[in-house]
Amino acid sequence: MIDIHTHILTVWGEEPFTEKHLITRMEELGIEKFVLLPIIGPEVPFLHFLSEDAIEVYQRYPDRVIPFCNIDPRAGNNAPDTDFSFLIDRYKKAGCRGVGEITANMYIDDPRCINLFRQLGEAELPVLFHLYSKIGGSYGLADDIHMPRLEKVLKQCPKTIFIGHAPAFWTEISADISEEMRDFFPKTPVKKTGRLPKLLQKYPNLYGDLSAGSGFNAITRDINYGYHFLREFHTQLLFGTDLCHVGQATPIVEYFQQIKEEEIISIEQYENITHKNAERILKLKT
Ligand SMILES: [Zn+2]
């Protein structure tokens, strides 16, 4: 299995989740490879973990770690025409396979974001983003309800692969999303034809990161709809945990074991979601 979303992280006020913790947990869970996501930026309640830190861990565990780099859309000149090639070339050369987790709290269709996304498309580096409901109050690229700005971005950057994450992304699995619930974990059954499935159908460059409470809640809040969703979008979904706390539960691991054993999704669908999609978009086999 490949985990699309892990961290080495110190959350303010918590025991640090260290390199050793991460490697040990991945071994215990039987996850062979994992994407290590740097976290930067002033909006987050975490100590920064830089691209350079992820690359160092990759050098120690080259067969296990898939390093991403992190680039803030405001880096450089804080302008919509910044040339990011210095960073992109440097990090690609060091082995980075994607960019994220983007946590900058700015609109996802801000010209500075579009500029970065276009350059990442040219460089063939997928971008993993945390989506949030508004400007201010927390971290993550911001969009309005029903994700109109994300759609604009998908249209304007067709060469860029986008991997969506967090409640404001996953609550859109259901058509009855309310403004109040966008950053939470609704337990109600899914009302079909949510905005997210519609965007996945329309834009092959959009992927869903199933990690964390948000991704797992989306596919389990309505268990049968969840199975249907996995079957329909098996080429655009990515298994992940978002491990970043000591002692964190990872119910998604048992969930995937169970649906494999009970043949709820086909072997092909299971393999796509748990490693083949990641291998393809992160170019791990080339
Ligand atoms: Zn994360």
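Here is a short chat about the strands of this predicted model.

Visitor: How many of the six residues of strand β5 are buried?

Guide: Strand β5 covers residues 127-132. Val127, Phe129 and Leu131 point one way from β5, while Leu128, His130 and Tyr132 point the other way. A residue counts as buried if 20 or more other C-beta atoms lie within 10 Å of its own. Residues on both sides of β5 pass that mark, so the count is six of six.

Visitor: Which residue of β7 is the bridge partner of Leu128?

Guide: Let's start with the strands around β5. Strand β4 (residues 99-102) pairs with β5 in the parallel sense over three bridges, and there Gly100 stands opposite Leu128. Strand β7 (residues 162-165) also runs parallel to β5, over four bridges, and in β7 the partner of Leu128 is Ile163.

Visitor: Is the β-α-β crossover from β4 to β5 right-handed or left-handed?

Guide: Strands β4 and β5 are parallel partners. To get from β4 to β5, the chain passes through helix α4, residues 111-122. That β-α-β crossover is right-handed.

Visitor: Which residue of β6 stands opposite Tyr132?

Guide: Strand β6 takes in residues 141-142. Two bridges join β6 to β5, and the two strands run parallel. Opposite Tyr132 in β6 stands Ala142.

Visitor: What are the edge strands of the open sheet with the order β1-β2-β3?

Guide: This open sheet has three strands with parallel pairing. Strand β2 (residues 33-36) pairs with β3 over three bridges, with Val35 facing its bridge partner Ile66 in β3. An edge strand pairs on one side only, and that fits β1 (2-6) and β3 (65-67).

Note on methods. Residues are numbered from 1 along each chain as its sequence is written. This is a predicted model: local features need pLDDT of at least 70, side-chain atom pairs count only at pLDDT 80 or more; totals for chains, interfaces and linings use all residues. A residue is buried if 20 or more other C-beta atoms lie within 10 Å of its own, exposed if 12 or fewer, and partly exposed in between; C-beta atoms are placed from the backbone. Two strands pair if DSSP finds at least two bridges between them. A crossover is right-handed if, with the strands pointing away from the viewer, the path from the first strand over the helix to the second runs clockwise.
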